[in-house]
Amino acid sequence: MRVVIVGGGVVGLLLGRLLRDRGFEPVVLERNPPDSHMPRGFMLGFQGFPALEDVGLYEEVRGAGWDIAPREDGTPVAICVDFKKFVGFLGDGVPVAHGESVVELIEDGDRIVGAVTEGPGGRAEVPADLVVACDGAGSPTREMAGLPVKVTELSGGAFGFLSPTIIDRSFAMKYLSDGNIIGLLGWPDGSAGWWTVDKLDPEEALAPGLDAFKNSFRTLLPEATEALDGVTSLDQVRYTHPRVISAERWWRPGAVILGDAAHFFGPETGVSAGLGLGDAHALAEAIKQNPDDPDAACASYQMWREPVVRPYEANDPGLQGTADVENEDRPEAERWPPVASA
């Protein structure tokens, strides 16, 4: 089977590696240059562990990170690890064509039979029995394939910060009076935090400034004090309007969507990466079992993965809403913008 993987992120790289281990030679296309993955706070949930074990990377990844909530048998619920290191582990030995953007899918009747790319060498056609969209929540490939998704804007906004400071823990989290969450991640190379707040205009959200943000965050979560000491610029702070994405159907003849392109969760769920790796694992095995029938492989992939993914979609905390507590009625420390800046 000729497989073209669109997207050289963690899901695309793992799928490429899994398929190569199974005797296939997939083409991996990535529009960005090498080493362009942005640093971020990254937590890999247990849902992705079997895929890492399949390619022999579980112990290496775990050794490069810190466990979250080890269970009685010593295995963790999740692992915090440097994101760029993690990408490096997955991409080792996987050829990637960088700088190649998929601009069109080639159709023959109701089947997709290839992709048109634009890159350093100009425009080219890449024939395929199966085009796999691993290009994220905003997936252009998914849109070109005509696979519809439901996009739900969440009611709140999300702050995140990234710090070079190494702290003394892998995880801390606290629920606030309105049901929102503030939390902290740590790994051997740095730390990060997140805080869900009311939805604001991005400029309004950042207007109180860095010191106000750090003071509010450390007041609500004192465990983050050391990490916040390494935040010296608003460039290390990000405010976004999260959204949740779900798709009823994950494939059509000749094309399939994986990971964030198929299901994207709110910031409080913490399962996106693990489920994406699980998708790649299932599709690779389905292709191995149906090497001459991409439709059968895709049908098996969706049949295997739906019982895993759908409960997370239905129970995403971001979709449940938060308590009906007006900003001014909350404890003063929880209000954002803070009282002095309101």
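How many of the 18 residues of α9 are buried? I will come to that helix in a moment, but please keep in mind throughout that what we are looking at is a predicted model.

To take the question directly, 14 of the 18 residues of α9 are buried, so this helix is largely enclosed by the rest of the structure. Its length is also what one would expect, because at 1.5 Å a residue the helix, which covers residues 272-289, should span 26 Å, and its end C-alpha atoms do lie 26 Å apart.

Let me turn now to the sheet, which is open and built from six strands in the order β6-β2-β1-β10-β19-β18, with mixed pairing. At the edges stand β6 (97-98) and β18 (251-252), and each has a single partner strand, so one side of each is left without a neighbour in the sheet. Further in, β10 (residues 130-133) and β19 (residues 255-257) run parallel and are joined by three bridges, and in β19 it is A255 that serves as the bridge partner of V131. Across β1 (3-6), β2 (27-30) and β10 lies helix α1, residues 10-21, which runs at about 160 degrees to β1.

Finally, the aromatic side chains. The structure holds 16 aromatic pairs, and one aromatic cluster is formed by F159, F161, W195, F213, F217, Y239 and W336. Two arginines also have their charged ends over rings: that of R40 sits over F83, 4.0 Å from the ring centre, while that of R249 sits over W251, at 4.4 Å from the centre of its ring.

How values were computed. Residues are numbered from 1 along each chain as its sequence is written. This is a predicted model: local features need pLDDT of at least 70, side-chain atom pairs count only at pLDDT 80 or more; totals for chains, interfaces and linings use all residues. Side-chain values use heavy atoms; hydrogens and water are left out. Rings of Phe, Tyr and Trp (its six-membered ring) pair if their centres lie within 6.5 Å; planes under 30 degrees apart count as stacked, over 60 as edge-to-face and the rest as tilted. A charge sits over a ring if NZ of Lys or CZ of Arg is within 6 Å of the ring centre and within 35 degrees of the ring normal. Helices (H or I, at least four residues) and strands (E, at least two) are DSSP runs, numbered from the N terminus. The expected span of a helix is 1.5 Å times one less than its number of residues. Buried means under 20% relative accessible area, exposed over 50%, partly exposed in between (1.4 Å probe, protein chains only). Two strands pair if DSSP finds at least two bridges between them. Contact means heavy atoms within 4.5 Å. Axes are lines fitted to C-alpha atoms, for helices over the stretch in contact, and angles run from 0 to 180 degrees between N-to-C directions.
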